[in-house]
Amino acid sequence: MLVLPAELTHAQATACGRMLAQALHSDHGPQAIADASALRRFDSSALAVLLECRREALAVGKTFAVSGLHPRLRALATLYGVGELLPATD
C-alpha cells in the first residue's frame with residue numbers, strides 16, 4: 001500500500017512522489033493501491049503525484065487504484081478530466 005501524507009501541496013510533491021515511487025518498486029504485488037485517507041490539506045499537485053504514481057505502476061505492469069480519496073480532490077480530478085484515471089477501491 002502506498003500511503004499519502006496528511007499534507008500534499010506543491011511544496012511536498014517532489015519528495016512525496018519519490019517516496020511513493022520507491023515504495024511502488026519495492027512492492028512486488030500485482031496491484032498498487034494509494035491510500036489517500038490521511039490526506040487533508042492538498043492542492044492540484046496531489047493529483048499530479050497520483051497520476052505519476054499511476055504511470056509508474058502501469059509501467060511495471062501493475063494495476064492502480066486509490067483508496068480514501070477526499071471528495072474535494074475527487075471533484076478536482078473530475079473537473080480536470082482525469083477522474084477515470086484514479087479509480088477508487090472503496
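Me: Before turning to the start of helix 2 in this predicted model, what counts as a polar contact?
Reply: A polar contact is a pair of N or O atoms in which, within protein, one atom must be able to donate a hydrogen and the other to accept it. The cut-off for the distance between the two atoms is within 3.5 Å.

Me: Which residue caps the N-terminal end of helix 2?
Reply: The backbone nitrogen of Ser45 has a side-chain oxygen 2.8 Å away, and a pair of N or O atoms counts as a polar contact within 3.5 Å. The residue that supplies this oxygen, and that caps the N-terminal end of helix 2, is Asp43.

Me: How many Å apart are the end C-alpha atoms of helix 2, and what span should its 16 residues have?
Reply: Helix 2 covers residues 44-59, and at 1.5 Å a residue its 16 residues should span 22 Å. The model agrees with this expectation, because the end C-alpha atoms of helix 2 are separated by 23 Å.

Me: Which element supplies the largest share of the largest nonpolar core?
Reply: The largest nonpolar core holds 26 residues, and Leu50 and Phe64 are among those with the most contacts inside it. Helix 1 (10-26), strand 3 (31-35), helix 2, strand 5 and helix 3 (71-79) each contribute at least two residues to this core. The buried residues of helix 2 include Leu47, Val49, Leu50 and Leu51. With seven residues, the largest share of the core comes from helix 2.

Me: Which residues of helix 2 does Phe64 touch, leaving out residues up to four places away in sequence?
Reply: Phe64 belongs to the residues with the most contacts inside the largest nonpolar core, and the residues it touches include Ala32, Ala34, Leu85, Leu86 and Pro87. Helix 2 runs over residues 44-59, and within that range Phe64 touches Leu50, Cys53, Arg54 and Ala57.

Me: Lys62 is buried, so which side chain of opposite charge is nearest, and how far away is it?
Reply: Lys62 is found in the loop between helix 2 and strand 5 (63-67), and its contacts beyond four places in sequence include Leu24, Asp27, His28 and Ala57. A polar atom of the Lys62 side chain lies 3.3 Å from the backbone oxygen of Gly29. A salt bridge needs a side-chain nitrogen within 4 Å of a carboxyl oxygen, and Lys62 has none, as the nearest side chain of opposite charge is that of Asp27, at 4.5 Å.

Me: Which salt bridge links distant parts of the chain?
Reply: A search of the whole structure finds two salt bridges. In one of them, the side chains of Glu52 and Arg55 meet at 2.9 Å, N to O, and both residues lie in helix 2, three residues apart, about one turn of the helix. In the other, the partners are 34 residues apart, with one in strand 2 (residues 7-8) and one in strand 4 (residues 41-42). That pair, meeting at 3.1 Å, N to O, is Glu7 and Arg41.

Me: Is Arg41 buried or exposed?
Reply: Its partner Glu7 is partly exposed, with a relative accessible area of 31%, and exposed means over 50%. Arg41 has a relative accessible area of 52%, so it counts as exposed.

Note on methods
Residues are numbered from 1 along each chain as its sequence is written. This is a predicted model: local features need pLDDT of at least 70, side-chain atom pairs count only at pLDDT 80 or more; totals for chains, interfaces and linings use all residues. Side-chain values use heavy atoms; hydrogens and water are left out. Helices (H or I, at least four residues) and strands (E, at least two) are DSSP runs, numbered from the N terminus. The expected span of a helix is 1.5 Å times one less than its number of residues. Buried means under 20% relative accessible area, exposed over 50%, partly exposed in between (1.4 Å probe, protein chains only). Lys and Arg count as positive and Asp and Glu as negative; His and the chain ends are not counted. Contact means heavy atoms within 4.5 Å. A nonpolar core is a set of buried Ala, Val, Leu, Ile, Met, Phe, Trp, Tyr and Cys residues joined through side-chain atoms within 4.5 Å.
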